[in-house]
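Colleague: Could you go through this model with me, cysteines to begin with and helix packing afterwards?

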Amino acid sequence: MKQLSQLWGKLEEILIILSLALMTIVTFVYVVLNNLYQPFLSLAESSETLRPILEPIAIFIMTMAMEMTWSVALTKLFFGALIFLGASYGVRTAGHIGIDVVLKQFSPQGRRAISIFACLLCIGFVSLIAYASFGWISAMHAADVGAEDLHAFHIKVWHIGLIIPIGFGMILIRFIEILIRLLRGQQTDLGLADEANDALKINEEHKE
């Protein structure tokens, strides 16, 4: 079970890294192509000898840049994936910021009870959104609408929208894991990040 949990965590991290890398690469290539053809055109205009060589190169690069209209839509897709994958990763690694000034006034058992209630609310909300998004995906699948600028790759709107139920499904799993730990007494809160406490620790480390 522990190995399966580690594999699940690694897969989540790999998907985040892959989405970020592909988004960066696509954007980088698009920007380079949009700025690369101009120097070749300038050199071709200034040199009659090199024009037969440089001008076709410039036109080729310009054509490639014009044909990459799909790059913006693809970047949005990867960015959307990062949002939901990052949200799930944040729940797992306590990356989300929590305000627990009132919660700290209670005893450990009181904090645990309040956290269980809060976790159930989170599970209910995430489940509701996941269910609603699945209904929307079903409607888009029936409509069979092509994705803007990505229809050439046979990508449909519902293909892109799949990240919503998948992402919320992953977040749901993370909250269920937290609920199980709370019920077992392995933790007394949702495990959210405490910036004030982290700042105090950093300050103490600097003093030492």
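Colleague: How far is the sulfur of Cys119 from the closest cysteine sulfur?

Modeller: The closest one belongs to Cys122 and lies 6.2 Å from the sulfur of Cys119, which is too far for a bond. A disulfide here is a pair of cysteine sulfur atoms within 2.5 Å, and the search of the whole structure finds zero of them. This is a predicted model, where local features need pLDDT of at least 70 and side-chain atom pairs count only at pLDDT 80 or more, while totals for chains, interfaces and linings use all residues. Residues are numbered from 1 along each chain as its sequence is written, and side-chain values use heavy atoms, with hydrogens and water left out.

Colleague: Is Cys119 buried or exposed?

Modeller: Cys119 is buried, at 0% relative accessibility, whereas Cys122 is partly exposed at 23%. Buried means under 20% relative accessible area, exposed over 50% and partly exposed in between, with a 1.4 Å probe and protein chains only.

Colleague: Switching topic, where is Phe84 found, and what does Phe84 touch?

Modeller: Phe84 is in helix 3, residues 70–92 (helices are DSSP runs of H or I, at least four residues, and strands of E, at least two, numbered from the N terminus), and is buried at 17% relative accessibility. Leaving out residues up to four places away in sequence, Phe84 touches Ile163, Ile164, Gly167, Phe168 and Ile171, contact meaning heavy atoms within 4.5 Å.

Colleague: And at what angle do helix 3 and helix 6 pack?

Modeller: Helix 3 and helix 6 (residues 163–184) pack at about 0°, with axes 9 Å apart; axes are lines fitted to C-alpha atoms, for helices over the stretch in contact, and angles run from 0 to 180 degrees between N-to-C directions.
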